[in-house]
Amino acid sequence: MTGYTSNFIDRSYKPSKNDIITTVEVSPAKNVDFKTALQNVAGESSVGTWTKVKTTTKRIEKMAAKVFWYDKKKGLAKIAYPNILFEADNIPQIMSSIAGNIFGMKTLKKLILLDIDFPKNVVKSHGGPLFGIRGVRKILKVKNRPLVGSIIKPKIGLRTKQHAKVAYDAWTGGLDIIKDDENLSDQKFNPFKDRVIETLAMRDKAEQETGEKKVYMANITANIDEMIERAEFIKKNGGRYFMVDVVTVGFSALEELQQENKKLKLVAHAHRAMHAATTRSKDFGISMLSLAKIYRILGADQLHVGTVVGKMEGGKKEVTSIERALRENSHGMKKTFPVASGGLYPGAVQKMVKIMGKDIIIQAGGGVHGHPNGTFEGAKALRQAVEATMKGIPLKKYAKKHSELAKAIKKWGTA
Ligand code: CAP
Ligand code: MG
């Protein structure tokens, strides 16, 4: 064996609870039949190569991945990978197998990794979120409504003092969370350390004035040593959160960061910039659902999942399936808070909560700082939209007695 033989397909195989199971969508290239395509996928991602090799043994044959279910018409298949193929605490190694070479094979016209089920040892050796939905709610002392936040805009360019002042306006306007944008890190005009100090000082002031808990999610994205230093700096200066661009920093960096954070105990906010490079194509790619499961295992307390109604691609079916995965029982892991962000505005809140539920974090950048009267009123309008939604009052009706919301609706309408 080890050529891409029929041994890689066995519909009678009953997956073990220790296997990694993937669900894939496959379409064979011209002149290749479906089963051959499946053999190629299961073979190349486990113990096979393009031809039979003399070095294989019976023991190795037993390590073959098995396509144990497929539906040719739908182009779907499920593959079970024996646990022995993997290092449980090594996500890069796991992905090099189940999502590695196979995307480049000439025998395929389409390959999407739709879903992954990880066994207990992979989950346990990483651990998942430190806080999860309940832990985050406890910090913010907000039990029963979506959390509301904003991304400082413009994305990049404000000086440190301006940045901190915009954060203060948003917090005092009623928002719980302020975050940096994905491409703001440690630039000359707004250095990381100064920004953390200034913005946390404004957070303390806003907390005193409003009597509410407020959080600042500083973007630590960098190389791993730098990220750890930045996270330590946040901790030292009284911060409770960091934000990291999980896709661009890579799985290995996240594994290391997760280990360090077990000592620091900061809440981890996961921004997914660049995910669409692998999740958006309908021909070859890895679904956001698969990535979301990995980021939960790697410790994301909060993860961007899409909005359905906003500016970014991602429909209802996709977004709600990711939400479900972040909250499902998985070997005792805490639940990841789904973050809805991207092109949101107060008038979109009601519809979004209807689709996504109240266990979400709603973030608006443009939809707060673009308010006709600026950030403070923009924040008020967003919080009012959440209040109206929780009270079950239509936004337009609520807006009659809330002028900030009325102005936001006049500018952007309702979803
Ligand atoms: C939102 C945002 C986020 C997107 C990313 C932005 O700003 O800061 O990065 O939410 O998309 O720059 O677009 P706006 P996703 O509120 O001004 O749109 O959450 O889908 O990964
Ligand atoms: Mg952004």
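This tour goes from the metal ion to the bound ligand 1 and its surroundings. The model is predicted, so local features need pLDDT of at least 70 and side-chain atom pairs count only at pLDDT 80 or more, while totals for chains, interfaces and linings use all residues. Residues are numbered from 1 along each chain as its sequence is written, and side-chain values use heavy atoms, with hydrogens and water left out.

Select the magnesium ion, ligand 2, whose protein donors are Asp181 (OD) and Glu182 (OE), lying 1.9 to 2.0 Å from the ion; donors are N, O and S atoms within 2.8 Å of the metal (3.2 Å for Na, K and Ca), and because water is not among the atoms, sites may look incomplete. Asp181 is buried at 2% relative accessibility, and Glu182 is buried too at 18%, where buried means under 20% relative accessible area (1.4 Å probe, protein chains only).

Stay on Glu182 and bring in ligand 1: an N or O atom in the Glu182 side chain is 3.0 Å from an oxygen atom of ligand 1. Next, select Lys155, which places a polar side-chain atom 2.8 Å from an oxygen atom of ligand 1, and then Gly366, where a backbone N or O atom lies 2.8 Å from an oxygen atom of that ligand. The protein covers 94% of the 480 Å² of accessible area that ligand 1 has on its own (Shrake-Rupley method, 1.4 Å probe).

Finally, display the 16 residues around ligand 1, among which Arg272, His304, Lys311, Gly343 and Gly365 come nearest.

Conventions: Chains lettered and ligands numbered in written order. Buried < 20%, exposed > 50% of the residue type's maximum accessible area, 1.4 Å probe, protein only. Near = heavy atom within 4 Å. Polar contact = N/O pair within 3.5 Å; in protein donor to acceptor, adjacent residues only side chain to side chain.
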